[in-house]
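Please load the model in your viewer and keep the selection panel at hand. The stops below go from the whole chain to a single side chain and its surroundings.

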Amino acid sequence: MLFRSPGSLVHIGDQKVEEVLVKLWEYDEERCRELSLHDSSDQKQQEGSNWWIEVTGLHEPQLIDALCQRFSLHALLIEDILNTKHRPKIEEYDNAFFVVLKLFSYDSSRKKVETEQVSIVFGDQFTLSFQERHGDPFEQTRERLRNGKGKLRQRGADYLAHRLMDAVVEIGRAHV
């Protein structure tokens with residue numbers, strides 16, 4: 001059994017992608033821009049805009065920590081993002097809400113249902129999503145941001161978080 005001290009940042013789970021990918025979406029009613037980046041520390045959020053930072057891959061704890069520190073997220077929340085063995089839950093922190101969901105997919109070659117942890121953190125003008133691997137339910141949400149369709153760009157980060165959670169649940173419903 002592996003023992004680690006509380007507060008140490010360790011990825012618990014299987015590495016499911018070779019490289020951690022980080023994409024920044026900055027949006028408001030008028031515009032949307034998307035950037036692929038490895039470190040968001042040099043990005044400045046424009047006043048009145050919302051950020052969605054989506055992370056694919058969890059095996060670089062230092063990168064996850066640096067990203068979460070930018071939003072002053074609690075150390076236990078960061079530990080929970082890196083631990084992919086959690087059951088679904090919602091927790092409230094001083095400056096953010098934290099949601100853990102399970103995304104189901106069917107591997108037809110192995111005839112097996114697989115699960116992936118999806119973590120979503122949202123607060124005032126930011127949403128962060130963390131996934132273990134590529135292939136996800138968020139493409140429709142990305143298209144709505146790009147095209148300005150629906151209410152997504154008119155609403156806040158909490159609405160985006162709701163859309164992301166709904167997308168994960170809908171994928172699960174399709175595999176039942």
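Of the 176 residues of the protein chain in this predicted model, 46% count as buried. With the whole chain still selected and a surface switched on, the accessible area comes to about 9800 Å², and carbon and sulfur atoms account for 48% of that surface. If you then display contacts between residues at least 6 apart in sequence, 55% of them join residues at least 24 apart.

Change next to a cartoon representation, where the protein chain shows four helices and seven strands; followed along the sequence, these elements come in the pattern β-β-β-α-α-β-β-β-β-α-α.

Now select residues 89-92, which make up strand β4, and add residues 96-107, which make up strand β5. The two strands run antiparallel and are joined by four bridges, while a hairpin of three residues connects β4 to β5. To look at one pairing in detail, pick glutamate 92, whose bridge partner in β5 is phenylalanine 97.

Staying on β5, move along to tyrosine 106, which lies in this strand. Is tyrosine 106 buried, partly exposed or exposed? Its relative accessible area is 46%, and because the partly exposed class covers values from 20% to 50%, tyrosine 106 counts as partly exposed.

For the last stop, keep tyrosine 106 selected and add Phe104 and Val113, since the patch definition admits residues with over 30% relative accessible area. Phe104, Tyr106 and Val113 form a nonpolar patch on the surface, and together they contribute about 290 Å² of accessible area.

Notes: Residues are numbered from 1 along each chain as its sequence is written. This is a predicted model: local features need pLDDT of at least 70, side-chain atom pairs count only at pLDDT 80 or more; totals for chains, interfaces and linings use all residues. Side-chain values use heavy atoms; hydrogens and water are left out. Patches are made of residues with over 30% relative accessible area and no salt bridge: like charges are joined within 9 Å, nonpolar side chains (Val, Leu, Ile, Met, Phe, Trp, Tyr) within 5 Å. Accessible areas come from the Shrake-Rupley method with a 1.4 Å probe; for residues, only the protein chains shown count as cover. A salt bridge is a side-chain nitrogen of Lys or Arg within 4 Å of a carboxyl oxygen of Asp or Glu. Buried means under 20% relative accessible area, exposed over 50%, partly exposed in between (1.4 Å probe, protein chains only). Contact means heavy atoms within 4.5 Å. Two strands pair if DSSP finds at least two bridges between them.
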